[in-house]
Structures are given as structure tokens and as C-alpha cells.
Amino acid sequence: MRVAILLSGGGSNMVRLVQSMTGDHPARPVLVLANDPGAGGLEKARGLGVPVSCVDHRPFKGDRAGFEAALRDALAPAAPDLICLAGFMRVLTAGFVTPWQGRMLNIHPSLLPKYRGLDTHARALEAGDAEAGCTVHEVTAALDDGPILGQARVPVQPGDTARSLAARVLVQEHILYPAVLRRFASGDRRVLHLP
């Protein structure tokens, strides 16, 4: 499978995905696409030998359809079979998502269906949750929704801050996302639970 990875920031999950797609892995990275030309993940992808592209979202302010059309144009030459969102901080509409239904994955830093959207770690702490974690799911037109493919759980520790909890969850993201991608690209859509 040909995999395109969309990101907005430093690209730590992208790096783990790319590093995992070697040997007998059923997928290969063909493009890293960012919505911010300053995204650190672009340079990391170049260093890993993956082609990169950027569609800066800022000139499309108020024109989501135009931005998504430009994303489609940037993706087309790479001919991906699968899209992995890895810290891509733009909400995609049904017009973009629907043609990719069943072929687009996302990682979200909460135990969905809890805490869709932003500030997930602070919200888990405010709620007094005993555990937090991350979820890989298929992308649908609804925000942070869609069939769950994997989850990893992290205990909340006394004195945790949103930052300390996020750091421990990120460690699990780097394990979970590559594991789910390998299974998914092999045709296995069973839910993977990491402790």
C-alpha cells in the first residue's frame, strides 16, 4: 500500500510510521504533506528520504473547499492508497473525507469516544480520570469519530499536569500507530489494545 502522511507540526508520529514501513511491512510512505511550510515534520521527512509537499492553509482563509481541492491536487501525483493523519490540525469536511472512507486513519490523544477535539489531557485531568491514552481510528466526516482500530492506555499519576500526561501518552502513540498501520495495511481491522 502507498501511504501519504498529513501533518501540521514536528512530525514525531510521522517519523515512527515511516521508520516502521520497511522490510516485510505491507506499506511504504510515498508523500508527507503539511499545511504549514514551517512544519518541522517536512525537514524530518526529507531526511528520511520521503517526498514532501505543502499546501499552506492560510491563503485559503474562509475557503475550505479551495484548500481541500489543493490538498487533493497535491496528493494526486503520489497516488496513495491510504492516508494517515499524524498531527494534522485542520478539520476536513465530508467532501474530502468521504472518497477516502475506509482508507484514512488518524491518531487522537484520548481514549475515544472521550474528549474529541482539543485539550484532551487537561480535560482528562479536570474530570479526575484514572487513565488517559490514545486512539487510532478510521476517519469519518464527524470530528474524531469513526471505527476504532486501536487504543493504548496510560495511568494518570498524582501530580500530573497536562504536559506530563501528554508526554507519556505520546510514547504510547509512537508504539500504537505503527502497529495499527501494519495490521490495517495487511487487511486486519480488529481492534488492537495495548496495556
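Colleague: In this model, which elements each supply at least two residues of the lining of the largest pocket?

Modeller: The model is a predicted one. In it, α1 (12-20), β5 (104-108), α5 (120-126) and α6 (162-185) each give at least two residues to that lining.

Colleague: What makes up the lining of the largest pocket, by class?

Modeller: The lining has 16 nonpolar, 14 polar and 4 charged residues. The pocket itself has a volume of about 830 Å³. Of its 34 lining residues, G87, F88, M89, N106 and I107 are the closest to the centre.

Colleague: How do you divide the lining of the second largest pocket by class?

Modeller: Here the division is 4 nonpolar, 1 polar and 5 charged. The residues concerned are H57, R58, F60, K61, D63, R64, F67, M89, R90 and V91. Arg, Lys and Asp count as charged, and R58, K61, D63, R64 and R90 belong to this lining. The volume of this second pocket is about 160 Å³.

Colleague: How do you know whether the length of helix α3 agrees with its number of residues?

Modeller: The helix covers residues 64-75, which is 12 residues. The expected span is 1.5 Å times one less than the number of residues. That rule gives 16 Å, and the end C-alpha atoms are 16 Å apart, so the two agree.

Colleague: Which residues of α3 are buried, and what covers them?

Modeller: The buried ones are G66, F67, E68, A70, L71, A74 and L75. Their cover includes the strands β1 (2-7), β2 (28-34), β3 (52-54) and β4 (82-85), together with helix α4 (94-97).

Colleague: What makes β4 a partner of β1 and of β5?

Modeller: Two strands pair if there are at least two bridges between them. β1 and β4 have 4 bridges, while β4 and β5 have 3; both counts therefore satisfy the cut-off of at least two. The pairing is parallel for β1 with β4 and likewise parallel for β4 with β5. As examples, L6 has L85 of β4 as its bridge partner, and C84 has L105 of β5. The side chains of L82 and C84 point one way from β4, those of I83 and L85 the other way, and all four are buried.

Colleague: Why is G102 called buried or exposed?

Modeller: Buried means under 20% relative accessible area. The value for G102 is 13%, so G102 is called buried. This residue lies in the loop between α4 and β5. Leaving aside residues up to four places away in sequence, G102 touches E138, F184 and R189.

Methods. Residues numbered from 1 in each chain as written. Predicted model: local features only at pLDDT ≥ 70, side-chain atom pairs only at ≥ 80, totals over all residues. Heavy atoms only, no water. Buried < 20%, exposed > 50% of the residue type's maximum accessible area, 1.4 Å probe, protein only. Contact = heavy atoms within 4.5 Å. 1 Å grid on protein atoms, 1.4 Å probe; cavity = no way out; pocket = protein on both sides within 12 Å on 5 of 7 lines; lining within 4 Å. Points joined across faces, edges and corners; volume = space filled by probe spheres on them.
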